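Me: Hi! I'd like to chat through this model with you. Could you pull it up?

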Amino acid sequence: EAVIEDKIRSDARRGPAAWAKMEVEDKARADRLEVELSSARSALEELREERGRDASTVADLTQDLKAATDRALLAEAKLAEPRADPLLEEKLKIQTLKVAALTSQMQANAVDAQREIS
(Lines give C-alpha, C1' and ligand atoms only; values in the text may rest on other atoms or scores of the structure.)
Protein backbone atom coordinates (compact mmCIF):
# COMPACT_ATOMS: atom_id res chain seq x y z
CA GLU A 1 0.00 0.00 0.00
CA ALA A 2 2.83 2.37 0.80
CA VAL A 3 4.31 1.86 -2.68
CA ILE A 4 0.97 2.62 -4.30
CA GLU A 5 0.50 5.73 -2.17
CA ASP A 6 4.02 6.94 -3.06
CA LYS A 7 3.25 6.37 -6.74
CA ILE A 8 0.00 8.37 -6.47
CA ARG A 9 1.77 11.25 -4.65
CA SER A 10 4.60 11.22 -7.16
CA ASP A 11 2.15 11.28 -10.05
CA ALA A 12 0.19 14.10 -8.37
CA ARG A 13 3.33 16.27 -8.10
CA ARG A 14 4.19 15.93 -11.78
CA GLY A 15 1.62 18.40 -13.02
CA PRO A 16 -0.82 18.61 -15.94
CA ALA A 17 1.77 17.79 -18.65
CA ALA A 18 2.74 14.57 -16.88
CA TRP A 19 -0.91 13.66 -16.45
CA ALA A 20 -1.58 14.28 -20.13
CA LYS A 21 1.43 12.14 -21.07
CA MET A 22 0.25 9.34 -18.75
CA GLU A 23 -3.23 9.53 -20.26
CA VAL A 24 -1.77 9.25 -23.78
CA GLU A 25 0.38 6.28 -22.69
CA ASP A 26 -2.60 4.65 -20.96
CA LYS A 27 -4.74 5.21 -24.06
CA ALA A 28 -2.02 3.70 -26.29
CA ARG A 29 -1.66 0.74 -23.94
CA ALA A 30 -5.46 0.27 -23.86
CA ASP A 31 -5.56 0.44 -27.68
CA ARG A 32 -2.78 -2.18 -27.96
CA LEU A 33 -4.56 -4.42 -25.49
CA GLU A 34 -7.83 -3.96 -27.40
CA VAL A 35 -6.09 -4.97 -30.65
CA GLU A 36 -4.53 -8.00 -28.94
CA LEU A 37 -7.91 -8.95 -27.47
CA SER A 38 -9.59 -8.58 -30.85
CA SER A 39 -6.86 -10.68 -32.46
CA ALA A 40 -7.22 -13.35 -29.78
CA ARG A 41 -11.00 -13.39 -30.28
CA SER A 42 -10.55 -13.75 -34.04
CA ALA A 43 -8.08 -16.58 -33.55
CA LEU A 44 -10.48 -18.29 -31.14
CA GLU A 45 -13.35 -17.93 -33.62
CA GLU A 46 -11.18 -19.37 -36.40
CA LEU A 47 -10.28 -22.31 -34.16
CA ARG A 48 -13.96 -22.90 -33.39
CA GLU A 49 -14.82 -22.80 -37.11
CA GLU A 50 -11.92 -25.11 -37.92
CA ARG A 51 -13.00 -27.51 -35.18
CA GLY A 52 -16.52 -27.46 -36.65
CA ARG A 53 -15.15 -28.19 -40.13
CA ASP A 54 -12.95 -30.93 -38.70
CA ALA A 55 -15.91 -32.47 -36.90
CA SER A 56 -17.94 -32.32 -40.10
CA THR A 57 -15.06 -33.87 -42.05
CA VAL A 58 -14.71 -36.63 -39.47
CA ALA A 59 -18.45 -37.34 -39.68
CA ASP A 60 -18.28 -37.43 -43.50
CA LEU A 61 -15.24 -39.70 -43.45
CA THR A 62 -16.89 -41.98 -40.90
CA GLN A 63 -19.98 -42.23 -43.09
CA ASP A 64 -17.82 -42.90 -46.19
CA LEU A 65 -15.90 -45.57 -44.28
CA LYS A 66 -19.13 -47.25 -43.18
CA ALA A 67 -20.44 -47.22 -46.76
CA ALA A 68 -17.16 -48.65 -48.07
CA THR A 69 -17.22 -51.34 -45.38
CA ASP A 70 -20.80 -52.23 -46.28
CA ARG A 71 -19.86 -52.48 -49.98
CA ALA A 72 -16.86 -54.67 -49.12
CA LEU A 73 -19.01 -56.97 -46.97
CA LEU A 74 -21.59 -57.23 -49.76
CA ALA A 75 -18.84 -58.04 -52.28
CA GLU A 76 -17.45 -60.72 -49.95
CA ALA A 77 -20.92 -62.21 -49.54
CA LYS A 78 -21.38 -62.31 -53.30
CA LEU A 79 -18.01 -63.97 -53.69
CA ALA A 80 -18.98 -66.58 -51.11
CA GLU A 81 -22.16 -67.49 -52.99
CA PRO A 82 -21.86 -70.64 -55.06
CA ARG A 83 -21.41 -69.79 -58.70
CA ALA A 84 -23.13 -71.60 -61.49
CA ASP A 85 -20.78 -73.54 -63.72
CA PRO A 86 -21.94 -73.05 -67.34
CA LEU A 87 -20.56 -76.44 -68.39
CA LEU A 88 -22.30 -78.13 -65.49
CA GLU A 89 -25.56 -76.34 -66.35
CA GLU A 90 -25.29 -77.51 -69.95
CA LYS A 91 -24.69 -81.09 -68.80
CA LEU A 92 -27.72 -80.84 -66.50
CA LYS A 93 -29.91 -79.62 -69.38
CA ILE A 94 -28.74 -82.53 -71.56
CA GLN A 95 -29.43 -85.00 -68.73
CA THR A 96 -32.88 -83.50 -68.22
CA LEU A 97 -33.63 -83.86 -71.94
CA LYS A 98 -32.36 -87.47 -71.92
CA VAL A 99 -34.56 -88.29 -68.91
CA ALA A 100 -37.55 -86.68 -70.63
CA ALA A 101 -36.82 -88.63 -73.84
CA LEU A 102 -36.43 -91.91 -71.95
CA THR A 103 -39.62 -91.23 -70.00
CA SER A 104 -41.45 -90.53 -73.24
CA GLN A 105 -39.99 -93.70 -74.81
CA MET A 106 -41.02 -95.75 -71.77
CA GLN A 107 -44.54 -94.42 -71.96
CA ALA A 108 -44.69 -95.19 -75.67
CA ASN A 109 -43.36 -98.70 -75.00
CA ALA A 110 -45.95 -99.18 -72.24
CA VAL A 111 -48.74 -98.10 -74.60
CA ASP A 112 -47.42 -100.53 -77.27
CA ALA A 113 -47.18 -103.32 -74.74
CA GLN A 114 -50.75 -102.66 -73.61
CA ARG A 115 -51.95 -102.88 -77.20
CA GLU A 116 -50.18 -106.16 -77.77
CA ILE A 117 -51.68 -107.58 -74.60
CA SER A 118 -55.16 -106.52 -75.56
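Me: Where do aspartate 70 and lysine 66 lie, and how many residues apart are they?
Reply: Both are in helix 2, with their positions 4 residues apart, which is about one turn of the helix. Keep in mind that this is a predicted model.

Me: And what do their side chains do?
Reply: They meet in a salt bridge, with 3.3 Å from N to O.

Me: Are those two buried or exposed?
Reply: Lysine 66 counts as exposed because its relative accessibility is 53%, and the cut-off for exposed is over 50%. Aspartate 70 has 39%, so this residue counts as partly exposed.

Me: OK, stepping back a bit. How many helices and strands does the protein have?
Reply: There are 3 helices and 0 strands. Read from the N terminus, the order is α-α-α.

Me: Which residues does helix 2 cover?
Reply: Helix 2 takes in residues 16-80. Helix 3 covers residues 86-117.

Me: What's the radius of gyration, and what would a compact globule have?
Reply: The protein has 48 Å, whereas a compact globule of 118 residues would have a value near 13 Å. Along the principal axes, the C-alpha atoms fill a box of roughly 150 × 25 × 25 Å.

Me: What share of the residues counts as buried?
Reply: Just 3% of the 118 residues. The accessible surface is about 11000 Å², and carbon and sulfur atoms account for 60% of that area.

Me: Back to salt bridges. How many are there by the rule used here?
Reply: The count comes to 4, and the pair of aspartate 70 and lysine 66 is one of them.

Me: Which residue does lysine 27 pair with?
Reply: Its partner is aspartate 31, and the closest N and O atoms are 3.1 Å apart. Both residues sit in helix 2, 4 residues apart, or about one turn of the helix.

Me: How accessible are lysine 27 and aspartate 31?
Reply: Lysine 27 has a relative accessible area of 52%, so this lysine is exposed. Aspartate 31 is partly exposed because its value is 36%.

Me: What about helix 3: which residue does aspartate 112 form a salt bridge with?
Reply: That would be arginine 115, with the closest N and O atoms 3.7 Å apart. Aspartate 112 and arginine 115 lie 3 residues apart in helix 3, again about one turn of the helix.

Me: And why does arginine 115 count as exposed?
Reply: Because its relative accessibility is 60%, and exposed means over 50%. Aspartate 112, at 38%, counts as partly exposed.

Me: New topic: charge. How many positive and negative charges are there?
Reply: The protein has 20 positive and 25 negative charges, and their mean positions are 2 Å apart.

Me: Which residues gather in a patch of negative charge?
Reply: On the surface, that patch is made up of Glu45, Glu46, Glu49, Glu50 and Asp54.

Me: Let's take one of those. Where is glutamate 49, and how accessible is it?
Reply: Glutamate 49 is in helix 2. Its relative accessibility is 42%, so glutamate 49 counts as partly exposed. A residue joins a patch only with over 30% relative accessible area, and glutamate 49 has 42%.

Me: Great, thanks for walking me through it!
Reply: Happy to help!

Definitions and conventions:
Residues numbered from 1 in each chain as written. Predicted model: local features only at pLDDT ≥ 70, side-chain atom pairs only at ≥ 80, totals over all residues. Heavy atoms only, no water. Helix = DSSP H or I, 4+ residues; strand = E, 2+ residues; numbered from the N terminus. Rg over C-alpha atoms; globule rule 2.2 N^0.38 Å. Buried < 20%, exposed > 50% of the residue type's maximum accessible area, 1.4 Å probe, protein only. Areas by Shrake-Rupley, 256 points an atom, 1.4 Å probe, with all protein chains shown as cover. Lys, Arg positive; Asp, Glu negative; His and termini not counted. Charge placed at Lys NZ, Arg CZ, Asp CG, Glu CD. Patch = residues over 30% accessible without salt bridge, like charges linked within 9 Å, V, L, I, M, F, W, Y side chains within 5 Å.
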